[in-house]
Amino acid sequence: MIPTPDLSHLTSRDFDKVYEPAEDTFLLLDALEQDEKAIQAKKPTLCLEIGSGSGCVTTMLAKIVGASNAVFFTTDINSDACQVTQRTGRHNNVLSIESIQTSLVESLLPRFSQAIDILCFNPPYVVTPPEEVGSHGIEAAWAGGIDGRQVIDELLPFVPQLLSPQGVFYLLLINENRPTEVVNIMCTQYSMQAEIMMERRAGRERQYILKIQRSS
Ligand SMILES: C[S@@+](CC[C@H](N)C(=O)[O-])C[C@H]1O[C@@H](n2cnc3c(N)ncnc32)[C@H](O)[C@@H]1O
């Protein structure tokens, strides 16, 4: 069992500016842990987490993959999140995290074309008025706009471009995001293989992990 990353270096002042890990984070961690052996068998060399927040997910992924076996890139639209991600890595002896402040994967393509072995995203998924999307502060952690899908839908077309031939994408969604519709979009529009690999109730939310990869 891989221990959850130590976040004792972070205080409530950090979490005023950066998303504090919650049930959605832990569901994503559980999905990675469930796939631990399959991830290790791929011998990943390049991993990317979009929207890294505290850095908890990437740090856990680095523990699974082996911090010195791969490079771990993260992006976040929130500059504080990028700094906190780096601090979390260092606090947990993971020195191979490169954090970039950008929206989704802007500036990473074409450099990372078909290169990402493990891709993770716990997106801003809450249904909000569309104008709330696009902040660079803490609101960006949850504001998902119409159906909570605005940021998610912006990323989907880039997934086939990003994933390596053996690449896997772990995406967290909630019921309001219509996870089966996202599965169908990835299968029919982008010819990928997609499935719901985990689901869990968290208070009033029903949360899902989608696992997306190339069709074999
Ligand atoms: C629900 S939080 C998840 C944080 C962390 N990965 C976790 O699981 O605890 C969503 C994160 O996505 C970031 N984010 C929102 N919109 C983004 C965008 N367009 N590009 C990159 N990051 C974004 C937010 O700043 C926030 O850190």
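This passage walks through a predicted model, from its strands and nonpolar core to its ligand site and its less usual backbone geometry.

A good place to start is strand β4, which spans residues 116-121. This strand is mostly covered, with six of its six residues buried. On one side, β4 pairs with strand β1 (residues 46-50) in the parallel sense, over four bridges. Within this pairing, E49 stands opposite C120 of β4. Strand β4 also runs parallel to β5, and five bridges join the two. Here F121 of β4 finds L171 of β5 opposite to it.

From β5 the pairing continues to β7, now in the antiparallel sense and over seven bridges. One of the bridge partners in this pair is Y208 of β7, which is matched with L173. Strand β7 covers residues 205-214, and because seven of these 10 residues are buried, the strand is largely enclosed by the rest of the structure. Strand β7 pairs as well with β6 (residues 192-202), again in the antiparallel sense, this time over 10 bridges. In that pairing, M192 has R214 of β7 as its bridge partner. Strands β6 and β7 form a hairpin with two residues between the strands, and G203 in this hairpin adopts a positive phi near 60 degrees.

The buried side chains can be followed next. The largest nonpolar core consists of 65 residues, and those with the most contacts inside it are L61, F169, Y170, L171 and I209. Strand β5 (residues 163-174) supplies the largest share of this core, namely eight residues. L171 therefore appears in two roles, as a residue with many core contacts and, by the pairing described above, opposite F121; the reader may enjoy locating both.For L61, the contacts beyond its neighbours within four places in sequence are with L32, I39, C47, F72, I118 and C120. Helix α4 (residues 56-65) is mostly covered, with nine of its 10 residues buried. L61 is among these buried residues, together with C56, V57, T58, T59, M60, A62, I64 and V65. Just after α4, G66 takes a positive phi of about 100 degrees.

Two residues in other helices are worth a visit. V159 belongs to helix α7 (residues 159-162), and it counts as buried because its relative accessibility is 0%. Not counting residues up to four places away in sequence, V159 touches F169, M186, M192 and I212. V159 and S113 are separated by 46 residues in sequence, while their C-alpha atoms lie 9.7 Å apart in space. D14, in turn, sits in helix α1 (residues 12-15). With a relative accessible area of 14%, D14 is buried. Beyond its neighbours within four places in sequence, D14 is in contact with H9, V84 and R87.

The ligand is surrounded by 18 residues, the closest being T25, E49, G51, D76 and L104. G51 places a backbone N or O atom 2.8 Å from a nitrogen atom of the ligand. An oxygen atom of the ligand lies 2.6 Å from a polar side-chain atom of D76. S103 contributes a side-chain N or O atom that is 3.0 Å from a ligand nitrogen atom. Of the 590 Å² of accessible area that the ligand has on its own, the protein covers 97%.

Some backbone geometry deserves a closer look. Most residues other than glycine have a negative phi, and most peptide bonds are trans. The peptide bond from L109 to P110, however, is cis, with omega near 10 degrees. P110 is placed in the loop between β3 (97-101) and β4. The loop between β3 and β4 also holds Q114, which has a positive phi of about 50 degrees although it is not a glycine. Q114 counts as partly exposed, at 47% relative accessibility. Another non-glycine residue with a positive phi is K43, where the value is near 45 degrees. K43 lies in the loop between α3 (36-41) and β1, and it counts as exposed because its relative accessibility is 66%.

Key
Residues numbered from 1 in each chain as written. Predicted model: local features only at pLDDT ≥ 70, side-chain atom pairs only at ≥ 80, totals over all residues. Heavy atoms only, no water. Core = buried A, V, L, I, M, F, W, Y, C linked by side-chain atoms within 4.5 Å. Buried < 20%, exposed > 50% of the residue type's maximum accessible area, 1.4 Å probe, protein only. Contact = heavy atoms within 4.5 Å. Near = heavy atom within 4 Å. Polar contact = N/O pair within 3.5 Å; in protein donor to acceptor, adjacent residues only side chain to side chain. Areas by Shrake-Rupley, 256 points an atom, 1.4 Å probe, with all protein chains shown as cover. Pairing = 2+ DSSP bridges.
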